[in-house]
Amino acid sequence: MRRCGVEVATLAVVISAALSFGGCRGNDARANAEASPVAEASTVSVAAEAAFKREIPVVVRATGTFTPDEASDVAPQVSGQVVKTLVNVGDIVKADQPLVLLDDRDARLRLDQARAALERAEADAEHAKTDASRSGELFEKGFTSRSDFERLATQNTGAGAAVAQARAQVAGAQKAVDDTIVRAPFSGHVTARAVAAGEYVTPASKIATIVRIHPIKLELQVKEADAVKVRRGLSVRAEVSGYPGVLFVGSVSALNVAIDPNSRAMTVEATFPNPEGRVTPGMFGTAQILLSATETAVFAPADAVFRVADADAIYVIEDDRARLRVVQLGEAQDGTVRIDAGLQEGAVVATSNLDKLSDGAAVRVTDASGSAGRTERAR
């Protein structure tokens, strides 16, 4: 059932169409009731419940598009030729999982050279340390000059610095080898893989696109008049056409303080849990932002509503007769539906055998047990 605004002229047309649809049967029933006892057989047995009022949150309605919580066009840290691709579009990856392997032969050669240079520097440093230590002992005993002692001490210091430099070169060479493996920056889904084996890539090349959709965001366009009412943390209920009747519950996570001068709307971001990945980026969402205030609304059983002449309608039981009422619907809740226009609190509505009814048809209520309980719960 959808929300439908109906003008007065349209209501008249709809009621006229409904009357013409069942009018003959209704007129015949009334004529038979006056003319013969057989009229009792034309009485339709129905179940019925009473419309009731309920306190509900005031909502701001808005629409928008779902977007990833995070999205990244992954690029390599170094240039090189692609040796192997490890993922395909649609794959789920973990943080730091390899996506693409680049040719690492040159990088490994430089790493081996750096490691050899480090070994030489460490050997030289050990020799310089030994010479400096021996020179210090001889200088204390007066067997060597101060200049020789200071020269060997300086060589020892320089050898230590050379070791530190060699270690830095090894670390840089190791990083170059590690960078030949392009990894996922975070856990998510692969939505694009732009390269294949044999291609040459640079740090400006896009390797793959990774998106995180748990949680997922909904970017809503809220009218300027309603934007001032929205705050972070407010609950948001959203629906998507792919899952009719399913409500996704999230909360307002961010507000863009700037109003778009063209649309006169503010962008409001809501975040939703999405552990099963049912909602995907690009889906269109219709949302309700629940404000802290409440309002009173009339509700009726969802089973009482039907379609007639492209409008929503209900049969109201009055004086043992079914009377057609065209109504304007709001949101559905727990087997009931909000009636924004066309029905008053306490009105008894038919909930069964609607296909056998017409405006003015004689009815007999056989089951009204649900109305009292539902009304009591509403209070």
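**Exercise 1. Find the salt-bridge partner of Glu-318 and say whether each residue is buried or exposed.**

Step 1. Start from the rule: a salt bridge is a side-chain nitrogen of Lys or Arg within 4 Å of a carboxyl oxygen of Asp or Glu. Glu-318 meets this rule with Arg-325, their closest N and O atoms being 3.0 Å apart.

Step 2. A word on the source: this is a predicted model, in which local features need pLDDT of at least 70 and side-chain atom pairs count only at pLDDT 80 or more, while totals for chains, interfaces and linings use all residues. Residues are numbered from 1 along each chain as its sequence is written, and side-chain values use heavy atoms, with hydrogens and water left out.

Step 3. Now apply the accessibility scale (buried is under 20% relative accessible area, exposed is over 50%, partly exposed is in between, with a 1.4 Å probe and protein chains only). Glu-318 has 34% and is partly exposed; Arg-325, at 28%, is partly exposed too.

**Exercise 2. Describe how β15, β16 and β17 are joined.**

Step 1. Recall that strands are DSSP runs of E with at least two residues, numbered from the N terminus, and that two strands pair if DSSP finds at least two bridges between them.

Step 2. Strand β15 (residues 311-318) runs antiparallel to strand β16 (residues 321-333), with 7 bridges joining them. Look for Ala-313, which stands opposite Val-326 in β16. These two strands make a hairpin with 2 residues between them, and Asp-319 in the turn has a positive phi of about 55°.

Step 3. Move on to strand β17 (residues 336-341), which pairs with β16 in the antiparallel sense over 4 bridges. Here Gln-328 stands opposite Ala-341. Again there is a hairpin with 2 residues between the strands, and Asp-334 in the turn has a positive phi of about 50°.

**Exercise 3. Work out which parts the salt bridge between Arg-212 and Glu-70 ties together.**

Step 1. Check the distance: the closest N and O atoms of Arg-212 and Glu-70 are 3.8 Å apart.

Step 2. Place both residues. Arg-212 lies in strand β9 and Glu-70 in strand β2 (residues 52-74), so the pair links parts that are 142 residues apart in sequence.

Step 3. Widen the view: Asp-69, Glu-70, Arg-212, Lys-217 and Glu-269 are linked in a network of salt bridges. The count for the model comes to 18 salt bridges.

**Exercise 4. Give the strand order of the open sheet that contains β3, and explain what happens at its edges.**

Step 1. The 4 strands follow the order β6-β5-β3-β8, with antiparallel pairing.

Step 2. β6 (181-183) and β8 (200-201) stand at the edges with a single partner strand each, so one side of each has no neighbour in the sheet.

Step 3. Zoom in on one pair: β3 (residues 80-85) and β5 (residues 98-102) share 3 bridges. Lys-84 has Leu-101 in β5 as its bridge partner.

**Exercise 5. Sort the lining of the second largest pocket into nonpolar, polar and charged residues.**

Step 1. Use these classes: Ala, Val, Leu, Ile, Met, Phe, Trp, Tyr, Cys and Pro are nonpolar; Asp, Glu, Lys and Arg are charged; the others, Gly among them, are polar.

Step 2. A pocket is an open set of points on a 1 Å grid over the protein atoms alone, where a 1.4 Å probe fits, with protein on both sides within 12 Å along at least five of seven lines; lining residues have an atom within 4 Å of a point.

Step 3. The lining divides into 4 nonpolar, 6 polar and 3 charged residues. β9 gives the most, with 3 residues.
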